[in-house]
Amino acid sequence: MRKILKATISKKVEEALITMNHTLKDNFVARLKKAQAEENSALAKSIINDVLHNQDIAKEGVFPLCQDTGMVVVFADVGYEVMIEGNLEDAINEGAANAYVRGFLRKSVVAHPFKRENTKTNTPIIYHERRVEGNKIHLKIAAKGAGSENMSRVFMLKPTEGEAGVIDAVIKTVREAGGRACPPITVGVGLGGNLEKSALLAKEALFRDLDDTHDDPTIATLEKTLYEKLNETGVGPMGVGGKTTCLAVKINTFPMHIASLPVAVNIQCHASRHTEVTL
Ligand code: SF4
């Protein structure tokens, strides 16, 4: 068994959250630059320019990418041969609280649906754990702003609605989101499972590398089709119109009941804060 100290985990999470709130991934920035070069609309070009300028300022480490620094979501893959000193979820919560307090990031979590008191630490995080082979802990960490999260949807389609039904559901979601999801967006789609599993698939799909290609050729083609169709909607950067609505579509799948075709659409705004940490 390999022992990992709670303090080691907390510190890694703290550092990851502060860094990701100030830095977009290189291939995300490259896609923004390519989109800006290809836009026809002067206003759309200017909005993407603002997004690029904003991330230049954020990476200096003083101001975060957005005033909404998000609610933290963690997918933890925990090796059977790891012994954790203390509780892993507590360690991650501690790291998140330290990041938001020490890093001067906005605390956006309220404790009760109606009383709405701020917890003042941006915790609790939303935590998902799986046990896996090996002696490591792998954490996928996201900070999800409410603008795009609020525009995400789950549809329980009939199997006969098939691929056309899936395309309609994703396009309807992105059209209804419009500028409120702060495009250019990336779109995570969960196909299969059930109500909650499809939402988790969609959320985890957003961790995939923007430049990867799905192993299943049918799904890879659907990702490309959706990417093209979403950019034909005309929503454009921040909803001002243009051909840059979406930078990528990533679909994750899971087996499902014979009578179901769940489709979840998790929208990610241009402040895409996703990172991975291995301990
Ligand atoms: S949706 Fe994203 S970019 Fe827009 S306000 Fe929220 S976190 Fe910021």
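# Two domains and the ligand between them

The residues around the ligand are Cys66, Gln67, Asp68, Gly145, Gly147, Ser148, Cys182, Cys269, His270, Ala271 and Arg273. This is a predicted model, in which local features need pLDDT of at least 70 and side-chain atom pairs count only at pLDDT 80 or more, while totals for chains, interfaces and linings use all residues. Residues are numbered from 1 along each chain as its sequence is written, and side-chain values use heavy atoms, with hydrogens and water left out.

Reader: What makes a residue count as near the ligand?
Author: One of the residue's heavy atoms must lie within 4 Å of the molecule. Cys182 and His270 are among the residues listed around the ligand. The shell divides into 4 nonpolar, 5 polar and 2 charged residues. In that scheme Ala, Val, Leu, Ile, Met, Phe, Trp, Tyr, Cys and Pro are nonpolar, Asp, Glu, Lys and Arg are charged, and the others, Gly among them, are polar.

Reader: Why is the ligand said to lie between domain 1 and domain 2?
Author: Both domains give residues to the shell around the ligand, so the ligand lies between them. Domain 1 is 2-20 + 64-144 and domain 2 is 147-272; such bounds come from an automatic or database domain assignment.

Reader: How do you know that domain 1 and domain 2 are in contact?
Author: Contact means heavy atoms within 4.5 Å, and 11 residues of domain 1 are in contact with 11 residues of domain 2. The area buried between the two domains is about 880 Å², with carbon and sulfur atoms giving 62%. Buried area is the accessible area (1.4 Å probe) that two parts lose on being put together, summed over both. In domain 1, Phe75, Lys140 and Lys144 lose the most area to domain 2, together 58% of what that side buries.

Reader: Why is the pair of glutamate 204 and lysine 140 called a salt bridge?
Author: The rule asks for a side-chain nitrogen of Lys or Arg within 4 Å of a carboxyl oxygen of Asp or Glu. The side chains of glutamate 204 and lysine 140 meet at 2.8 Å, N to O, so the pair satisfies the rule. Across the interface of domain 1 and domain 2 the rule finds 3 salt bridges. On the side of domain 1 that touches domain 2, the elements giving two or more residues are β2 (71-79), β4 (126-132) and β5 (137-144). β5 gives the most, with 4 residues. Helices (H or I, at least four residues) and strands (E, at least two) are DSSP runs, numbered from the N terminus.

Reader: What makes lysine 203 and glutamate 149 a link between distant parts of the chain?
Author: Their side chains meet in a salt bridge of 2.3 Å, N to O. Lysine 203 is in helix α7 (residues 195-205) and glutamate 149 is in helix α5 (residues 146-149), 54 residues apart. A search of the whole structure finds 17 salt bridges.

Reader: Which peptide bond is cis at proline 124, and where is that proline?
Author: A cis bond joins threonine 123 and proline 124, with omega about 10 degrees. Proline 124 is in the loop between α4 (88-102) and β4. Most peptide bonds are trans.
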